[in-house]
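Trainee: Please take me through one part of this model closely. I would like the loops and their backbone first, then whatever surrounds them.

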Amino acid sequence: MFGSVVVGIGTAGFVRIRDMLAPLPSSAAEKLSVKGFISRRTLEEQQGVKQITIEDALRRDDIKVAFICTENAAHEENIRAFLEAGKHVCVEYPMAMTHKTAVDLWDLAQEKGVVLHEEHIELLTADFKQLKKDIAGKKLEEGSLHFTGGPLKPGFGFPAFSGIARLTWLVDLFGELSVTAASMEEDQENKYMKMTTQLMTKEQKPLTWIEERGPGLPRVKNINFHFDSCTMTQLPPAAREPVGLFMQDLVLFSQKLLGQVPRDQLHAERRRVLHCLELADRIQQLSQQGQGSAQEA
Ligand code: NAD
(Lines give C-alpha, C1' and ligand atoms only; values in the text may rest on other atoms or scores of the structure.)
Protein backbone atom coordinates (compact mmCIF):
# COMPACT_ATOMS: atom_id res chain seq x y z
CA MET A 1 0.00 0.00 0.00
CA PHE A 2 1.07 3.57 -0.65
CA GLY A 3 0.25 5.83 2.31
CA SER A 4 -0.68 9.28 0.99
CA VAL A 5 -1.28 12.86 2.05
CA VAL A 6 -3.30 15.56 0.36
CA VAL A 7 -1.89 19.09 0.43
CA GLY A 8 -4.44 21.90 -0.03
CA ILE A 9 -8.11 21.37 0.77
CA GLY A 10 -9.97 23.15 -1.99
CA THR A 11 -12.14 21.55 -4.66
CA ALA A 12 -9.41 19.26 -5.99
CA GLY A 13 -8.09 18.29 -2.54
CA PHE A 14 -11.59 17.32 -1.40
CA VAL A 15 -12.05 15.08 -4.45
CA ARG A 16 -8.65 13.41 -3.96
CA ILE A 17 -9.58 12.42 -0.39
CA ARG A 18 -13.02 11.23 -1.52
CA ASP A 19 -11.56 9.10 -4.31
CA MET A 20 -8.89 7.51 -2.12
CA LEU A 21 -11.54 6.60 0.47
CA ALA A 22 -13.61 4.86 -2.21
CA PRO A 23 -11.26 3.83 -5.05
CA LEU A 24 -12.48 2.23 -8.25
CA PRO A 25 -12.90 -1.45 -7.35
CA SER A 26 -10.23 -3.80 -8.72
CA SER A 27 -8.12 -0.90 -10.00
CA ALA A 28 -4.57 0.14 -9.14
CA ALA A 29 -6.07 3.02 -7.11
CA GLU A 30 -6.91 0.51 -4.37
CA LYS A 31 -3.20 0.55 -3.54
CA LEU A 32 -3.45 4.11 -2.15
CA SER A 33 -4.52 4.79 1.41
CA VAL A 34 -5.01 8.32 2.68
CA LYS A 35 -3.14 8.98 5.94
CA GLY A 36 -3.85 12.67 6.43
CA PHE A 37 -4.14 16.09 4.88
CA ILE A 38 -2.07 19.25 5.12
CA SER A 39 -3.49 22.76 5.14
CA ARG A 40 -2.32 26.26 6.04
CA ARG A 41 -5.60 26.61 7.89
CA THR A 42 -6.44 24.64 11.02
CA LEU A 43 -9.31 22.45 9.94
CA GLU A 44 -11.50 19.75 11.43
CA GLU A 45 -11.34 16.19 10.13
CA GLN A 46 -12.17 16.09 6.43
CA GLN A 47 -14.27 13.09 5.42
CA GLY A 48 -12.93 11.35 8.54
CA VAL A 49 -9.28 12.14 7.66
CA LYS A 50 -7.06 14.05 10.11
CA GLN A 51 -4.89 17.10 9.55
CA ILE A 52 -1.14 16.53 9.98
CA THR A 53 1.83 18.85 9.64
CA ILE A 54 4.05 18.90 6.59
CA GLU A 55 7.05 18.10 8.80
CA ASP A 56 5.29 14.93 9.97
CA ALA A 57 4.37 13.94 6.45
CA LEU A 58 7.93 14.43 5.20
CA ARG A 59 9.36 12.40 8.08
CA ARG A 60 6.93 9.49 8.27
CA ASP A 61 7.98 6.25 6.60
CA ASP A 62 4.40 5.11 6.10
CA ILE A 63 3.74 8.15 3.88
CA LYS A 64 5.06 7.54 0.40
CA VAL A 65 2.91 9.81 -1.75
CA ALA A 66 1.77 13.46 -1.80
CA PHE A 67 -1.08 14.99 -3.79
CA ILE A 68 -0.42 18.70 -4.36
CA CYS A 69 -3.80 20.41 -4.69
CA THR A 70 -2.98 23.98 -3.67
CA GLU A 71 -3.31 27.08 -5.83
CA ASN A 72 -0.69 27.02 -8.61
CA ALA A 73 1.74 29.47 -7.00
CA ALA A 74 2.40 27.04 -4.13
CA HIS A 75 3.01 23.94 -6.28
CA GLU A 76 6.76 24.28 -6.72
CA GLU A 77 7.63 24.61 -3.04
CA ASN A 78 5.44 21.67 -2.06
CA ILE A 79 6.55 19.38 -4.89
CA ARG A 80 10.21 20.10 -4.13
CA ALA A 81 9.81 19.36 -0.41
CA PHE A 82 8.16 15.98 -1.04
CA LEU A 83 10.54 14.96 -3.83
CA GLU A 84 13.55 15.88 -1.66
CA ALA A 85 12.10 13.59 1.03
CA GLY A 86 11.91 10.73 -1.53
CA LYS A 87 8.11 10.75 -1.84
CA HIS A 88 6.12 10.25 -5.06
CA VAL A 89 4.14 13.30 -6.15
CA CYS A 90 0.89 13.82 -8.03
CA VAL A 91 0.31 17.50 -8.79
CA GLU A 92 -2.82 19.09 -10.22
CA TYR A 93 -2.01 20.99 -13.40
CA PRO A 94 -0.04 23.13 -14.01
CA MET A 95 3.00 21.60 -12.35
CA ALA A 96 4.82 24.92 -12.12
CA MET A 97 4.77 28.53 -13.23
CA THR A 98 7.80 28.29 -15.51
CA HIS A 99 9.17 25.68 -17.89
CA LYS A 100 12.57 25.74 -16.20
CA THR A 101 11.06 24.92 -12.80
CA ALA A 102 9.23 21.94 -14.26
CA VAL A 103 12.44 20.63 -15.87
CA ASP A 104 14.26 20.98 -12.52
CA LEU A 105 11.48 19.19 -10.66
CA TRP A 106 11.40 16.37 -13.16
CA ASP A 107 15.18 15.97 -12.91
CA LEU A 108 14.88 15.87 -9.13
CA ALA A 109 12.21 13.16 -9.32
CA GLN A 110 14.48 11.11 -11.58
CA GLU A 111 17.45 11.57 -9.26
CA LYS A 112 15.33 10.41 -6.30
CA GLY A 113 13.83 7.51 -8.27
CA VAL A 114 10.23 8.56 -7.61
CA VAL A 115 7.18 9.24 -9.76
CA LEU A 116 6.20 12.83 -10.60
CA HIS A 117 2.79 12.94 -12.24
CA GLU A 118 0.87 15.98 -13.50
CA GLU A 119 -2.89 15.49 -13.57
CA HIS A 120 -4.58 16.35 -16.88
CA ILE A 121 -8.26 15.52 -16.45
CA GLU A 122 -9.16 17.60 -19.51
CA LEU A 123 -7.68 14.83 -21.68
CA LEU A 124 -9.93 12.29 -19.97
CA THR A 125 -13.30 13.97 -20.62
CA ALA A 126 -15.79 12.16 -22.83
CA ASP A 127 -16.13 15.17 -25.14
CA PHE A 128 -12.39 15.42 -25.66
CA LYS A 129 -12.05 11.70 -26.38
CA GLN A 130 -14.90 11.98 -28.92
CA LEU A 131 -13.39 15.11 -30.51
CA LYS A 132 -10.05 13.34 -30.91
CA LYS A 133 -11.75 10.39 -32.61
CA ASP A 134 -13.79 12.67 -34.88
CA ILE A 135 -10.81 14.65 -36.17
CA ALA A 136 -8.51 11.66 -36.66
CA GLY A 137 -7.29 11.58 -40.27
CA LYS A 138 -8.56 15.10 -41.08
CA LYS A 139 -6.12 17.79 -42.22
CA LEU A 140 -6.32 21.07 -40.33
CA GLU A 141 -6.36 24.29 -42.37
CA GLU A 142 -6.87 26.68 -39.47
CA GLY A 143 -8.66 26.79 -36.15
CA SER A 144 -9.48 28.50 -32.92
CA LEU A 145 -10.26 27.58 -29.32
CA HIS A 146 -11.89 30.32 -27.27
CA PHE A 147 -12.36 29.62 -23.57
CA THR A 148 -14.51 31.82 -21.35
CA GLY A 149 -15.00 31.54 -17.61
CA GLY A 150 -15.36 33.44 -14.34
CA PRO A 151 -12.47 35.30 -12.71
CA LEU A 152 -9.78 33.21 -11.01
CA LYS A 153 -8.78 33.58 -7.37
CA PRO A 154 -5.30 34.98 -6.65
CA GLY A 155 -2.37 32.55 -6.90
CA PHE A 156 -3.41 30.82 -10.12
CA GLY A 157 -0.89 32.73 -12.23
CA PHE A 158 -0.65 33.99 -15.80
CA PRO A 159 -3.51 32.63 -17.99
CA ALA A 160 -1.19 30.63 -20.26
CA PHE A 161 -0.40 28.55 -17.13
CA SER A 162 -3.78 28.54 -15.37
CA GLY A 163 -5.33 27.70 -18.77
CA ILE A 164 -2.75 25.05 -19.69
CA ALA A 165 -5.62 22.55 -20.07
CA ARG A 166 -6.76 24.32 -23.26
CA LEU A 167 -3.23 24.49 -24.64
CA THR A 168 -2.82 20.80 -23.84
CA TRP A 169 -5.96 20.05 -25.87
CA LEU A 170 -4.49 21.84 -28.89
CA VAL A 171 -1.13 20.07 -28.58
CA ASP A 172 -2.76 16.69 -28.08
CA LEU A 173 -5.01 17.23 -31.13
CA PHE A 174 -2.60 18.89 -33.56
CA GLY A 175 0.94 18.06 -32.39
CA GLU A 176 3.75 20.31 -31.21
CA LEU A 177 3.17 24.01 -31.84
CA SER A 178 5.09 27.26 -31.98
CA VAL A 179 3.97 30.67 -30.75
CA THR A 180 3.86 33.43 -33.36
CA ALA A 181 2.17 36.18 -31.32
CA ALA A 182 0.49 36.80 -27.99
CA SER A 183 -1.23 39.69 -26.30
CA MET A 184 -3.08 40.40 -23.11
CA GLU A 185 -5.88 42.82 -22.28
CA GLU A 186 -6.59 43.32 -18.61
CA ASP A 187 -8.97 45.41 -16.55
CA GLN A 188 -8.04 44.49 -12.98
CA GLU A 189 -10.68 46.72 -11.42
CA ASN A 190 -13.41 44.80 -13.19
CA LYS A 191 -11.66 41.40 -12.83
CA TYR A 192 -11.63 41.06 -16.61
CA MET A 193 -8.84 39.62 -18.79
CA LYS A 194 -8.40 38.35 -22.31
CA MET A 195 -5.28 36.62 -23.59
CA THR A 196 -5.04 36.07 -27.34
CA THR A 197 -2.38 33.77 -28.72
CA GLN A 198 -1.43 32.90 -32.28
CA LEU A 199 0.06 29.45 -32.68
CA MET A 200 1.40 27.52 -35.66
CA THR A 201 1.39 23.76 -36.27
CA LYS A 202 4.43 21.96 -37.71
CA GLU A 203 2.54 21.96 -41.05
CA GLN A 204 2.39 25.78 -40.83
CA LYS A 205 -1.36 25.91 -40.13
CA PRO A 206 -2.50 28.73 -37.82
CA LEU A 207 -4.37 28.20 -34.56
CA THR A 208 -5.77 30.92 -32.30
CA TRP A 209 -6.13 30.32 -28.58
CA ILE A 210 -8.12 32.78 -26.46
CA GLU A 211 -8.58 32.70 -22.67
CA GLU A 212 -11.16 35.22 -21.53
CA ARG A 213 -12.31 35.58 -17.95
CA GLY A 214 -14.63 37.99 -16.24
CA PRO A 215 -17.62 38.15 -13.90
CA GLY A 216 -20.67 36.47 -15.43
CA LEU A 217 -18.82 34.81 -18.31
CA PRO A 218 -20.05 31.24 -18.74
CA ARG A 219 -17.53 28.40 -18.45
CA VAL A 220 -17.47 27.34 -22.11
CA LYS A 221 -15.02 26.20 -24.78
CA ASN A 222 -15.89 27.45 -28.26
CA ILE A 223 -14.17 25.67 -31.10
CA ASN A 224 -13.88 26.52 -34.77
CA PHE A 225 -11.74 24.06 -36.70
CA HIS A 226 -11.50 24.16 -40.50
CA PHE A 227 -10.30 20.93 -42.05
CA ASP A 228 -9.70 20.03 -45.70
CA SER A 229 -12.99 18.09 -45.67
CA CYS A 230 -15.27 19.90 -43.18
CA THR A 231 -15.65 22.56 -40.49
CA MET A 232 -16.33 21.83 -36.83
CA THR A 233 -17.91 24.55 -34.71
CA GLN A 234 -19.21 22.51 -31.80
CA LEU A 235 -17.85 19.90 -29.48
CA PRO A 236 -19.33 16.53 -30.46
CA PRO A 237 -21.98 15.17 -28.08
CA ALA A 238 -20.56 12.43 -25.89
CA ALA A 239 -22.18 10.30 -23.21
CA ARG A 240 -20.87 10.84 -19.68
CA GLU A 241 -18.58 8.05 -18.59
CA PRO A 242 -19.27 6.02 -15.44
CA VAL A 243 -15.80 6.63 -13.91
CA GLY A 244 -15.16 10.22 -12.77
CA LEU A 245 -12.28 12.23 -14.25
CA PHE A 246 -10.21 12.53 -11.09
CA MET A 247 -10.72 8.80 -10.48
CA GLN A 248 -9.44 8.01 -13.98
CA ASP A 249 -6.39 10.14 -13.21
CA LEU A 250 -5.94 8.41 -9.83
CA VAL A 251 -5.89 5.03 -11.56
CA LEU A 252 -3.26 6.27 -14.04
CA PHE A 253 -1.08 7.69 -11.26
CA SER A 254 -1.39 4.44 -9.25
CA GLN A 255 -0.41 2.44 -12.33
CA LYS A 256 2.71 4.60 -12.57
CA LEU A 257 3.50 3.87 -8.91
CA LEU A 258 3.18 0.16 -9.64
CA GLY A 259 5.42 0.39 -12.72
CA GLN A 260 2.55 -0.61 -15.01
CA VAL A 261 2.82 2.30 -17.47
CA PRO A 262 5.07 1.67 -20.50
CA ARG A 263 8.25 3.74 -20.69
CA ASP A 264 7.27 5.17 -24.11
CA GLN A 265 4.03 6.51 -22.68
CA LEU A 266 5.88 8.10 -19.75
CA HIS A 267 8.34 9.77 -22.13
CA ALA A 268 5.60 11.02 -24.43
CA GLU A 269 3.71 12.46 -21.44
CA ARG A 270 6.77 14.22 -20.05
CA ARG A 271 7.55 15.64 -23.47
CA ARG A 272 3.98 16.93 -23.90
CA VAL A 273 3.86 18.49 -20.42
CA LEU A 274 7.20 20.25 -20.85
CA HIS A 275 6.35 21.38 -24.39
CA CYS A 276 3.10 22.98 -23.16
CA LEU A 277 4.90 24.73 -20.30
CA GLU A 278 7.56 25.99 -22.71
CA LEU A 279 4.81 27.42 -24.94
CA ALA A 280 3.15 28.98 -21.89
CA ASP A 281 6.45 30.64 -20.95
CA ARG A 282 6.81 32.07 -24.45
CA ILE A 283 3.20 33.31 -24.47
CA GLN A 284 3.70 35.06 -21.14
CA GLN A 285 6.93 36.63 -22.37
CA LEU A 286 5.36 37.95 -25.58
CA SER A 287 2.20 39.16 -23.84
CA GLN A 288 4.17 41.01 -21.22
CA GLN A 289 6.35 42.67 -23.82
CA GLY A 290 3.01 44.18 -24.78
CA GLN A 291 3.54 43.66 -28.47
CA GLY A 292 3.03 41.03 -31.03
CA SER A 293 5.12 38.85 -33.08
CA ALA A 294 7.70 36.20 -32.22
CA GLN A 295 9.62 36.90 -35.44
CA GLU A 296 10.30 40.46 -34.27
CA ALA A 297 11.38 39.35 -30.81
P1 NAD B 1 -9.46 25.98 -4.78
O2 NAD B 1 -9.52 27.44 -4.94
O3 NAD B 1 -10.70 25.25 -4.42
O4 NAD B 1 -8.32 25.64 -3.74
C5 NAD B 1 -7.01 26.15 -3.95
C6 NAD B 1 -6.27 26.36 -2.65
O7 NAD B 1 -6.97 27.32 -1.90
C8 NAD B 1 -6.15 25.12 -1.79
O9 NAD B 1 -4.86 25.09 -1.23
C10 NAD B 1 -7.15 25.33 -0.68
O11 NAD B 1 -6.71 24.76 0.52
C12 NAD B 1 -7.17 26.82 -0.59
N13 NAD B 1 -8.47 27.26 -0.14
C14 NAD B 1 -9.65 26.91 -0.67
N15 NAD B 1 -10.65 27.50 0.03
C16 NAD B 1 -10.05 28.25 0.99
C17 NAD B 1 -10.51 29.07 2.03
N18 NAD B 1 -11.82 29.25 2.22
N19 NAD B 1 -9.61 29.69 2.83
C20 NAD B 1 -8.28 29.52 2.63
N21 NAD B 1 -7.77 28.72 1.67
C22 NAD B 1 -8.64 28.09 0.88
O23 NAD B 1 -8.84 25.42 -6.14
P24 NAD B 1 -8.94 23.98 -6.80
O25 NAD B 1 -9.98 24.00 -7.86
O26 NAD B 1 -8.98 22.91 -5.78
O27 NAD B 1 -7.54 23.95 -7.56
C28 NAD B 1 -6.37 23.43 -6.94
C29 NAD B 1 -5.41 22.96 -8.01
O30 NAD B 1 -6.05 21.97 -8.80
C31 NAD B 1 -4.97 24.06 -8.97
O32 NAD B 1 -3.63 23.82 -9.31
C33 NAD B 1 -5.85 23.83 -10.18
O34 NAD B 1 -5.22 24.29 -11.37
C35 NAD B 1 -5.94 22.32 -10.17
N36 NAD B 1 -7.09 21.75 -10.88
C37 NAD B 1 -8.36 21.90 -10.37
C38 NAD B 1 -9.41 21.32 -11.07
C39 NAD B 1 -10.82 21.41 -10.55
O40 NAD B 1 -11.70 20.85 -11.20
N41 NAD B 1 -11.08 22.07 -9.44
C42 NAD B 1 -9.17 20.62 -12.25
C43 NAD B 1 -7.89 20.48 -12.70
C44 NAD B 1 -6.84 21.04 -12.00
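Mentor: First, a term. Helices (H or I, at least four residues) and strands (E, at least two) are DSSP runs, and their numbers count from the N terminus. Keep in mind that the model is predicted.

Start with Gln204. This residue sits in the loop between strand E8 (192-201) and E9. Its phi is near 65°, a positive value in a residue that is not glycine. Why is that worth a look? Because most residues other than glycine have a negative phi. Gln204 counts as exposed because its relative accessibility is 57%, and the cut-off for exposed is over 50%.

Ser26 is the next stop. Its phi is near 60°, again positive and again in a residue other than glycine. Its loop runs between helix H1 (11-21) and strand E2 (32-38). With 72% relative accessibility, Ser26 is classed as exposed.

Now move along from E9. Strand E9 spans 206-213, strand E10 spans 220-227, and Arg219 lies in the loop between them. Its relative accessibility is 61%, so Arg219 counts as exposed. Exposed does not mean without contacts here. Setting aside neighbours within four places in sequence, Arg219 touches Phe147, Thr148, Gly149, Arg166 and Arg213. The fold brings distant sequence together at this point. Gly150 is 69 residues from Arg219 along the chain, with 6.9 Å between their C-alpha atoms.

Glu76 gives a contrast. Glu76 and Glu45 are 31 residues apart in sequence, and their C-alpha atoms are 26 Å apart. Helix H3, residues 75-84, holds Glu76. This residue is partly exposed, because its relative accessibility is 32% and that class lies between 20% and 50%. Beyond residues up to four places away in sequence, its contacts are Met95, Thr101 and Leu105.

One more backbone feature. The peptide bond between Tyr93 and Pro94 is cis, with omega about -10°. Most peptide bonds are trans. Pro94 belongs to the loop between strand E4 (88-92) and helix H4 (99-112).

That bond leads to the wider picture. The domain assignment splits the chain into domain 1, made of 2-119 and 243-261, and domain 2, made of 126-237 and 278-290. The contact between them draws on 11 residues from domain 1 and 12 from domain 2. The domain centres, taken over C-alpha atoms, are 28 Å apart.

How much area is buried between domain 1 and domain 2? About 900 Å², with 59% of it from carbon and sulfur atoms. Tyr93 returns here. Together with Met97 and His99, Tyr93 heads the domain 1 residues that lose the most area to domain 2, and the three account for 50% of what that side buries. So one partner of the cis bond is also among the leading residues at this interface.

What holds for polar chemistry across the boundary? The rule finds five residue pairs in polar contact, both residues at pLDDT 80 or more. The side of domain 1 that touches domain 2 has five nonpolar, four polar and two charged residues. The salt bridge count between the domains is zero.

To recap the loops: Gln204 and Ser26 carry positive phi values, Arg219 is exposed yet has contacts that include Phe147 and Arg166, and Pro94 follows a cis bond.

Methods: Residues numbered from 1 in each chain as written. Predicted model: local features only at pLDDT ≥ 70, side-chain atom pairs only at ≥ 80, totals over all residues. Heavy atoms only, no water. Domains from an automatic or database assignment. Contact = heavy atoms within 4.5 Å. Buried area = accessible area lost by both parts, 1.4 Å probe. Salt bridge = Lys/Arg side-chain N within 4 Å of Asp/Glu carboxyl O. Polar contact = N/O pair within 3.5 Å; in protein donor to acceptor, adjacent residues only side chain to side chain. Nonpolar A, V, L, I, M, F, W, Y, C, P; charged D, E, K, R; others polar. Buried < 20%, exposed > 50% of the residue type's maximum accessible area, 1.4 Å probe, protein only.
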